[in-house]
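Biologist: Please pick one part of this model and walk me through it slowly. I'm new to this, and plain words would help.

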Amino acid sequence: MDARVESQAPVKDAIIKVRDLVVGFGDKLILNHLNLNVYRGEILGFVGTSGGGKSVLTRTILGLVPKRSGTVEVFGENLDDLSEKERSALERRWGVLFQQGALFSSLTVRQNIQFPLRETLHLSQRLLDEIAYTKIEMVGLKCDVAEKLPSELSGGMIKRAALARSLALDPEILFLDEPTSGLDPIGAGDFDELIRTLQQTLGLTVFMVTHDLDSLHTVCDRIAALGDGKVIAEGTIETMMAATHPWLKQYFHGTRARAVQQSHG
Ligand SMILES: Nc1ncnc2c1ncn2[C@@H]1O[C@H](COP(=O)(O)OP(=O)(O)OP(=O)(O)O)[C@@H](O)[C@H]1O
């Protein structure tokens, strides 16, 4: 390749770097010297066998599960080197949407969104309300949901409200664990589109654990697959489709995969 052209290629900035990560419970090893980069601005889809350790990896990056060895760097900082104060400052720069949505059932949507803001910032009620309404609009909900309780919302609306809460502090990275699970295909497609729009307009980096082949085809820039505690393949959907690992072949070429590929032309 022409050296001049090569030097002009954009350097990819790894916003999350996982190196040699080992995590286990008792005598059960879940992650076995796992390495992974997530690049700034991308939507990375993370797939793998059920019970393989996708949530464990997410929770380890977030510091919710202890690791046995290895390092996790986020925003260029080794998480082990941070003081408690530095650590909480860093945590404010990411948002998390867990599988169950997990809104507080006794709080309205507005109060749910304001919860992380109240915990970390001292803002007037007027400003808190303005922020909550902006986030509600951002996730495609009407402002009349603001005063509703989670029990008054549909499954798709709960996901959107939970997403609005995870965006409350304007994070740079969004962690999503099975965001479309429980949604019908149209609802799931709309949610994927929303994630893509938010990623583009807010410049987010998205780490998304998913089983949803539609999401992998339509919104993920890159995919990483977990097998036997390690990343066994990573790349574009085309790379994954060409992979020879038996699980990947089954996953990307099985009956369900064929139906999805046909629908994506
Ligand atoms: N706190 C824990 N204590 C003991 N074992 C755990 C704990 N958390 C997870 N595990 C085990 O770790 C393994 C990986 O679980 P994990 O939830 O990460 O899988 P997953 O890949 O996200 O699966 P799924 O796709 O089904 O959600 C499972 O065998 C699970 O039982």
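Modeller: The chain averages a pLDDT of 90, and 91% of the residues score at least 70; pLDDT is the predictor's confidence in each residue, from 0 to 100. For the complex, the predictor gives an ipTM of 0.97 and a pTM of 0.90. This is a predicted model, where local features need pLDDT of at least 70, side-chain atom pairs count only at pLDDT 80 or more, and totals for chains, interfaces and linings use all residues. Residues are numbered from 1 along each chain, as its sequence is written.

Now for the sheet. It's an open one with six strands, in the order β6-β7-β8-β3-β9-β10, and the pairing is mixed. Strands here are DSSP runs (E, at least two residues), and helices are too (H or I, at least four), numbered from the N terminus. Two strands pair if DSSP finds at least two bridges between them. β6 (94-97) and β10 (230-235) sit at the edges with a single partner strand each, so one side of each has no neighbour in the sheet. On average, neighbouring strands are turned by 15° against each other, direction ignored.

Zoom in on one edge: β9 (residues 222-227) pairs with β10 in the antiparallel sense, over five bridges. A224, for instance, has E234 in β10 as its bridge partner. In general, strands of a sheet pair through backbone hydrogen bonds, either parallel or antiparallel.

Over at β6, helix α6 (residues 155-166) lies across β6 and β7 (173-177), running at about 160° to β6. Contact means C-beta atoms, placed from the backbone, within 7 Å. Axes are lines fitted to C-alpha atoms, for helices over the stretch in contact, and angles run from 0 to 180 degrees between N-to-C directions.

Conventions. Two residues are in contact if their C-beta atoms, placed from the backbone, lie within 7 Å.
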